[in-house]
Amino acid sequence: MRSRLPWFALAVGVMLAGCHRQPPISNEGIAAATEPAFAKYAGPVSDLPAGGRCSLDAVDGKPAQQARVRPRGWVTFGGWMADAADAVPDGATLVLNSAAASYAVPIVAGGERPDVAQAFGKPALLRSGYNQRAWLPAIQPGSYRVFLLYGRDKAASACAMGTLVAGEP
């Protein structure tokens, strides 16, 4: 009986190790467990009071003003955020808004932005940067206004970040 115990322990260990492996994730239509995906958004955007400060500096490594996103693909948004109290919020919602449809994805700051902290004279904004990668579903081509939404319900506010074009180049 004692001679079988090491083999049994080895077999159980191999089985448990195999259970922790995740299957490869396709780039078609699903996001990795750690990377969010845009979803349809039906909440208010333009009716919300303006609040906080924010910037969308880059999209997929290009200046945001020149960016064009491709539906059914990964997109990386880079910039910084601060709420109305000039603090880094716990989280926000990045919204792509058009007359036809809106899409949203949660976004979190934490990247160092000494330039932002220095420009506003607010050391608390040092970790206001974000680089968020998200899956963009098959959205309609066209122009989208980009917002960061802070807070919820009656305390919600929106920070406008310009426009973004979706579609093939």
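Which residue in β9 is the bridge partner of Asn97? The partner is Arg145. This is a predicted model. Its open sheet has six strands with mixed pairing. This briefing covers the sheet, strand β6, the loop residue Ser98 and the nonpolar cores.

**Sheet layout**

- The strand order of the open sheet is β1-β7-β6-β9-β10-β4.
- β1 (39–40) and β4 (68–69) stand at the edges. Each has a single partner strand, so one side of each lacks a neighbour in the sheet.
- β9 and β10 are antiparallel, with eight bridges between them.
- Across that pairing, Phe147 sits opposite Ala160 of β10.
- In a regular strand, side chains alternate between the two faces of the sheet.

**Strand β6 and its partners**

- β6 is largely enclosed by the rest of the structure, because five of its six residues are buried.
- On one pairing, β6 runs antiparallel to β7, and six bridges join the two.
- Leu94 has Val105 of β7 as its bridge partner.
- The connection from β6 to β7 is a hairpin through four residues.
- β6 also pairs with β9 in the antiparallel sense, over five bridges.
- The Asn97 bridge to Arg145 links to β9.

**Ser98 in the β6–β7 loop**

- Ser98 lies in the loop between β6 and β7.
- Is Ser98 buried or exposed? Its relative accessibility is 18%, so Ser98 counts as buried; the cut-off is under 20%.
- A polar atom of the Ser98 side chain lies 3.3 Å from the backbone nitrogen of Ala100.
- The Ser98 side chain also reaches the backbone oxygen of Ala101, at 2.9 Å.
- Beyond residues up to four places away in sequence, Ser98 touches Ser143 and Tyr144.

**Nonpolar cores**

- The largest nonpolar core holds 30 residues. Phe38, Val59, Phe77, Leu94 and Leu148 touch the most other members.
- Seven strands each supply at least two residues of this core: β2 (53–59), β5 (73–82), β6 (92–97), β7 (102–107), β8 (129–136), β9 (142–150) and β10 (157–166).
- A second, separate core has eight residues, among them Ala104, Phe147, Ala156 and Ala158.
- Leu94 thus appears twice here: as a member of the largest core and as the bridge partner of Val105.
- Phe147 belongs to the second core and stands opposite Ala160.

**Contacts of Val59**

- Which residues does Val59 contact, leaving aside neighbours within four places in sequence? They are Ala64, Ala67, Val69, Val75, Thr76, Phe77 and Leu164.
- Phe77, one of these contacts, is listed with Val59 among the residues touching the most other members of the largest core.

How values were computed. Residues numbered from 1 in each chain as written. Predicted model: local features only at pLDDT ≥ 70, side-chain atom pairs only at ≥ 80, totals over all residues. Heavy atoms only, no water. Core = buried A, V, L, I, M, F, W, Y, C linked by side-chain atoms within 4.5 Å. Buried < 20%, exposed > 50% of the residue type's maximum accessible area, 1.4 Å probe, protein only. Contact = heavy atoms within 4.5 Å. Polar contact = N/O pair within 3.5 Å; in protein donor to acceptor, adjacent residues only side chain to side chain. Pairing = 2+ DSSP bridges.
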